[in-house]
Amino acid sequence: MDLGECLLFADDMVFQKTGRHLDDIEFGVIEGVLQRKKYADIARDLNCTEGYIKDIGYELWKLFSEIFGEEINKSNIRSSLLRHKFANNVSISGNDNTVGSIDQVSFYVGLDKRSDKSCQNDQFLTRLIEKLLTFGLSHEQIAECLNINLEKLGIKNEPKNT
């Protein structure tokens, strides 16, 4: 998920909760934080005082904490948006647990420029699989929606009895 998608998702979550969209300053604060800028730099970019930007940030983190049901702050907004964006993309319906196709690497690694992506991807994939299992998905469904082999899940691919 790129920066624009993060901002649109944040705006959508705020709109669903409050019935209003983010304003330009709120967008600017979230954008700046996602770019790892300091409040002083964000304030300069938005032509505001640092104190005003901190106040806006405080209100945003409080609102996102209510929306996501977890404590949100400048340090964890990125990971929270990613987690919740993914959770909103997985649709579970009825007893057959229908799940759409998911590209787990693009929405997670897209914001991270570190070089240890292989290890990071494996750790993320493990957490992702564990989370999907808690939704009641089978290993086959997880493998299908993530477009990976069952062997990657540590499961032998045995024929189904019908």
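This report walks through the helices of a predicted model, then a few loop residues and some pairs that meet across the chain.

Some ground rules come first. Residues are numbered from 1 along each chain as its sequence is written, and side-chain values use heavy atoms, with hydrogens and water left out. Because the model is predicted, local features need pLDDT of at least 70 and side-chain atom pairs count only at pLDDT 80 or more, while totals for chains, interfaces and linings use all residues.

## The overall picture

The protein has eight helices and zero strands; here helices (H or I, at least four residues) and strands (E, at least two) are DSSP runs, numbered from the N terminus. Along the sequence, the pattern reads α-α-α-α-α-α-α-α. Of the 162 residues in the protein, 39% are buried. Buried means under 20% relative accessible area, exposed means over 50%, and partly exposed lies in between (1.4 Å probe, protein chains only). Among contacts with a separation of 6 or more, 49% join residues 24 or more positions apart, where contact means heavy atoms within 4.5 Å.

## Helices α1 and α2

Let's begin with helix α1, residues 3-18. The expected span of a helix is 1.5 Å times one less than its number of residues. For the 16 residues of α1 that gives 22 Å, and the end C-alpha atoms are 22 Å apart, which agrees. The buried residues of α1 are Cys6, Leu7, Phe9, Ala10, Asp11, Met13 and Val14. As a general point, an α-helix has 3.6 residues a turn, so residues three or four places apart point the same way. Leu8, also in helix α1, counts as exposed because its relative accessibility is 58%. Just after α1 comes Gly19, with a positive phi of about 80 degrees.

Helix α2 covers residues 24-34, and its axis comes within 10 Å of the α1 axis, crossing at roughly 135 degrees. Axes are lines fitted to C-alpha atoms, for helices over the stretch in contact, and angles run from 0 to 180 degrees between N-to-C directions. α1 and α2 are therefore oblique to each other; angles under 35 degrees count as roughly parallel, over 145 as roughly antiparallel, 65 to 115 as roughly perpendicular and the rest as oblique. The crossing of α1 and α2 is right-handed, meaning that the near helix is turned clockwise from the far one by less than a right angle. On the α1 side, the contact is made by Leu3, Cys6, Leu7, Ala10 and Asp11, and on the α2 side by Phe27, Ile30, Glu31 and Leu34. These residues divide into seven nonpolar, no polar and two charged. For this count, Ala, Val, Leu, Ile, Met, Phe, Trp, Tyr, Cys and Pro are nonpolar, Asp, Glu, Lys and Arg are charged, and the others, Gly among them, are polar.

## Helices α3 and α4

Further along, the axes of helix α3 (residues 39-46) and helix α4 (residues 50-68) come within 8 Å and cross at roughly 110 degrees. That makes α3 roughly perpendicular to α4. Tyr39, Ala40, Ile42, Ala43 and Leu46 of α3 meet Glu50, Ile53, Lys54, Gly57 and Trp61 of α4 in this contact, and the set divides into seven nonpolar, one polar and two charged.

With its 19 residues, α4 reaches 26 Å from first C-alpha to last, close to the 27 Å expected at 1.5 Å a residue. Buried residues in α4 include Ile53, Gly57 and Trp61, along with Leu60 and Phe64. Gly69 follows α4 and has a positive phi, near 70 degrees.

## Loop residues

Most residues other than glycine have a negative phi, and most peptide bonds are trans. Two residues here, Arg36 and Asn47, have a positive phi. Arg36 lies in the loop between α2 and α3, with phi near 65 degrees, and counts as exposed at 59% relative accessibility. Asn47 is in the loop between α3 and α4, with phi near 60 degrees, and is exposed at 71%.

Cys48 lies in the loop between α3 and α4 and is partly exposed, with a relative accessible area of 24%. Leaving aside neighbours within four places in sequence, Cys48 is in contact with Ile25, Ala43 and Ile53.

## Pairs across the chain

Arg83, in helix α5 (residues 77-89), counts as partly exposed at 43% relative accessibility. Arg83 appears in the table with two other pairs.

| Pair | Separation in sequence | C-alpha to C-alpha distance |
|---|---|---|
| Arg83 and Leu128 | 45 residues | 9.3 Å |
| Leu8 and Phe27 | 19 residues | 9.2 Å |
| Cys48 and Ile25 | 23 residues | 9.0 Å |
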